[in-house]
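Q: Please take a close look at how the strands are arranged here, and at how the helices sit against them and against each other. I would like one connected account that I can follow with the model open beside me.

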Amino acid sequence: MPRRTIEREGSLKGVGLHTGASSTVTVRPGSSGQGVVFRRVDLSGQPTIPARVDEVGATERHTALGHGEQAVHTVEHLMAAVAALELDDLMVDLDAPELPIMDGSFRPFFDLLRGAGAREQQGEVATYRVQAPFQVTQGDATYVVSPAKGLRLTTMIEWAHPCIGRQTGTYDIGEESFASELASARTFGFLAEVEGLKAKGLLKGASVESAVVLSPDAVVGTTLRWADEFVRHKAGDILGDLALLGGRVQAHIIATRPSHDGNVTLARAIGRTGQREGGFAMDIGQILDVLPHRYPFLLVDRIVAMEGTKRIVGIKNVTINEPFFQGHFPGHPIMPGVLIIEAMAQVGGMLLMGAVEDRENKVVYFMSLDNVKFRRPVVPGDQLRFELEMVQLRGKTCRMKGTAFVDGQVAAEAEMMARVMER
């Protein structure tokens, strides 16, 4: 399935809900494989932040990417429109810390992107296919996830307010269904919470024109677009936060009292447990071009994500045919912890070698290991997913932090220092 971007650029101007800052957002076609990238054109150097779940910096009442002055706030409405339109690559220029809230719904961003047209381009779409049911709980939010051919969201909310009460909705996500069922649903809030949230630095740009505002017993200054507009907006928020996976999700998600914090936790769980197809990948042949190891010492099967020299994700499939199972705890096959860390280090070596020229004459030596922890045994049939991030890179020496997951659960952790050396 080819990747998609927009045909031409377009802009919106408004005020940020939480910062109160006037902002203009401009969407531009993205190059194949770049994903959705936000660019702060108001800052020196125009720093960029990829729309990825590992970049989430805040989740209270909105979703923000990054930290400090370079952060981009309230990305979920635009990202929901991106997901509904199945766009994969997009450059989003922003001249302020926050995207404009407009009328509080997804509609302005949906219309902006659909009006910009769509075109296919080279590259393969990343898809996350849920293979077995699982559950995620984060605070008051609970999500039950099961396999499906597309993306279906069943959302349930409950508030002790006469205009809300208990609401439930099920939505099969697609361009037309999103346009008719979810796009116009607005964010909402309660008058009783305003002062407390403003004290936290939020809601500086809030008004009855940018949200559904609720007094103790009524809706203030507007008319609901649906009686269940509240649950429809919550479903759209889930979609926008899931879009930070950088791929299309195939699952049925039953969400109870969803929140941005819960949605982001859900996205991470799907990213670590779902079967990932398409998108960026380095197969074993490409890995062999970088790492000098040969049987039985090569412990990496696939690289599924790499962000420059910042982050890498690699896969190791564990089978009973591994040579170490013959002599390590015979009759009770458990992958030796030292080999889990070796596999993690090899994935980290791929990340470090990405910054090296003349790689065929170089090799990565690991200099130290710290804070090594083993959380659960790894057995035949497991798939190890290694996620490593670069903590520090100075010349040819680096510090990395790595985590190994099996079915979304942490199996091992370690911090390591490595250096590129001549062979």
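A: In this predicted model, one open sheet consists of 3 strands in the order β15-β16-β17, and its pairing is mixed. Its edge strands are β15 (188-190) and β17 (219-220), each of which pairs on one side only. Between β15 and strand β16 (residues 212-214) the pairing is parallel and extends over 3 bridges, and here Phe-188 has Val-212 of β16 as its bridge partner.

Another open sheet contains 5 strands, which follow the order β2-β3-β8-β4-β5, again with mixed pairing. The edges of this sheet are β2 (10-15) and β5 (48-50), each pairing on one side only, and the twist from one strand to the next averages 20°. At the β5 edge, strand β4 (residues 36-40) runs antiparallel to β5 and is joined to it by 3 bridges, with Arg-39 of the pair standing opposite Thr-48 in β5.

Helix α1 (residues 76-84) packs on this sheet, where it touches β3 (22-29), β4 and β8 (90-94), and its direction makes about 150° with that of β4. Because 8 of the 9 residues of α1 are buried, this helix is largely enclosed by the rest of the structure. The buried residues include Glu-76 and His-77 as well as Leu-78, Met-79 and Val-82, and the alanines Ala-80, Ala-81 and Ala-84 are also among them. Just after α1, the backbone at Glu-86 takes a positive phi of about 55°. Helix α2 (residues 107-115), for its part, lies across β2, β3 and β8 and runs at about 165° to β2.

Strand β12 (residues 141-146) can be followed through its faces and its partners. Its covered face carries Ala-141, Tyr-143 and Val-145, whereas Thr-142, Val-144 and Ser-146 make up the uncovered one. With strand β11 (residues 134-138), β12 pairs in the antiparallel sense over 5 bridges, and Thr-137 stands opposite Thr-142 in β12. These two strands form a hairpin with 2 residues between them, in which Gly-139 takes a positive phi near 60°. β12 is also joined by 5 bridges to strand β18 (residues 248-256), again running antiparallel. In that pairing the bridge partner of Tyr-143 is Ala-255 of β18; Tyr-143 thus belongs to the covered face of β12, while Thr-142, which faces Thr-137 across the hairpin pairing, belongs to the uncovered one.

The remaining topic is a pair of helices. Two packed helices are described by the angle between their axes and the distance between the axes. For helix α5 (residues 229-242) and helix α6 (residues 260-273), the axes come within 9 Å and cross at roughly 45°. Angles under 35 degrees would count as roughly parallel and those from 65 to 115 as roughly perpendicular, and α5 and α6 are therefore oblique to each other. The crossing of α5 past α6 is right-handed. On the α5 side the contact is made by Asp-237, Ile-238, Asp-241 and Leu-242, and on the α6 side by His-260, Asn-263, Leu-266, Ala-267 and Ile-270. Sorted by class, this contact of α5 with α6 has 5 nonpolar, 2 polar and 2 charged residues. As background to such spacings, an α-helix has 3.6 residues a turn, so residues three or four places apart point the same way.

Key
Residues are numbered from 1 along each chain as its sequence is written. This is a predicted model: local features need pLDDT of at least 70, side-chain atom pairs count only at pLDDT 80 or more; totals for chains, interfaces and linings use all residues. Side-chain values use heavy atoms; hydrogens and water are left out. Buried means under 20% relative accessible area, exposed over 50%, partly exposed in between (1.4 Å probe, protein chains only). Helices (H or I, at least four residues) and strands (E, at least two) are DSSP runs, numbered from the N terminus. Two strands pair if DSSP finds at least two bridges between them. Axes are lines fitted to C-alpha atoms, for helices over the stretch in contact, and angles run from 0 to 180 degrees between N-to-C directions. Contact means heavy atoms within 4.5 Å. Angles under 35 degrees count as roughly parallel, over 145 as roughly antiparallel, 65 to 115 as roughly perpendicular and the rest as oblique. A crossing is left-handed if the near helix is turned anticlockwise from the far one by less than a right angle, and right-handed if clockwise. Ala, Val, Leu, Ile, Met, Phe, Trp, Tyr, Cys and Pro count as nonpolar, Asp, Glu, Lys and Arg as charged, and the others, Gly among them, as polar.
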